[in-house]
Amino acid sequence: MRQSKEFLVITFSETSDAMAAEKLFQGLQIPGRIIPIPRQLSAGCGLSWRTEMNRKEEARAQLSKAGIRWQEMAPVTLWA
Amino acid sequence: MMVTRVDAIGDACPIPVVKTKNAIKELHGAGTVETLVDNEIAVQNLTKMANQKGYAVKSQKLSDDRFQVTMEISEKAGLSEASQAEPGNALGQEPQECLVAPGARKKNIVVAVTAPVMGTGNDELGAVLIKGFLYALTQQDELPSTILFYNGGATLTCEGSASIEDLKSLEALGVEILTCGTCLNYYKLSDHLQVGGVTNMYEIAEKLTRADLVIRP
């Protein structure tokens, strides 16, 4: 069965920030993964972090604590 | 929550999409629409429509000629559909919905992964790119039939690869994942394969020659 659902996608303007966020979230065991920025958000290239919708506040707090700049946090429906 | 069933068995494009859209309008709010169709092309067209509209969608093969596509419509999306003017509402008046031609046979797409990287230039970047490519395959409406891994590409189906989960989900969707046995042996990875099957050069040659389209990332 193929199933789509809503994810929280966090975008970054710098690839290095996306990779730093990956390291941060993996260290904190916040579930999620690096994905190419979904087409629904931007036609540009670059990386983003995909996580569960209910992790928004936690992710926001941890990014700000670690001083990692992010661009946008948006819900996107993707194949799970 | 409201569940509506749409029977589109025996219907050619665009009828399944039009019937489903009408059922969504009839919801006048949140709800679930389950559409039954008899071919994979209709599944693809319905899925594309759902993705364009941002509805959560799942599809299931019930038998060789029965497929069920289920869409979850949010309150907001349902109300907005219901309130839209309906010039194209009549059956058969939305030819733009036939994104995949009616009667088309599923294309036999084969992806040949020949290296642990995508493109040439910088291999650190190339490794990030191939990981992104294999993820992006999981997000396509039209999936390949087979993904072949050979030479350096064979490392991507083995322990330590960052793409195992994506390849497993593609396999679960019916994509055949095959890695060259000679290559596994050469790289001493025979005991470390994590996803898919092992193949030989005859099968690789057969898959490539019988493909409608070969993609080499």
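Q: How many residues does each chain bring to the contact between chain A and chain B?
A: This is a predicted model, so local features need pLDDT of at least 70 and side-chain atom pairs count only at pLDDT 80 or more, while totals for chains, interfaces and linings use all residues. Residues are numbered from 1 along each chain as its sequence is written, with chains lettered from A and ligands numbered from 1 in the order in which they are written. Two residues are in contact if their C-beta atoms, placed from the backbone, lie within 7 Å. On that basis, the contact takes 11 residues from chain A and 12 residues from chain B.

Q: Which element of chain B gives the most to the side that touches chain A?
A: Helices (H or I, at least four residues) and strands (E, at least two) are DSSP runs, numbered from the N terminus. Helix 4 (123-138) and strand 3 (56-63) of chain B each supply at least two residues to that side. With five residues, the top contributor is strand 3 of chain B.

Q: In which sense do strand 1 of chain A and strand 3 of chain B pair?
A: Strands pair if DSSP finds at least two bridges between them. Here R2(A) stands opposite S59(B) in strand 3 of chain B. Strand 1 (residues 2-11) of chain A and strand 3 of chain B have two bridges, and the sense is antiparallel.

Q: What pattern does chain A follow along the sequence?
A: Chain A has two helices and four strands. Read in sequence order, they give β-α-β-β-α-β.
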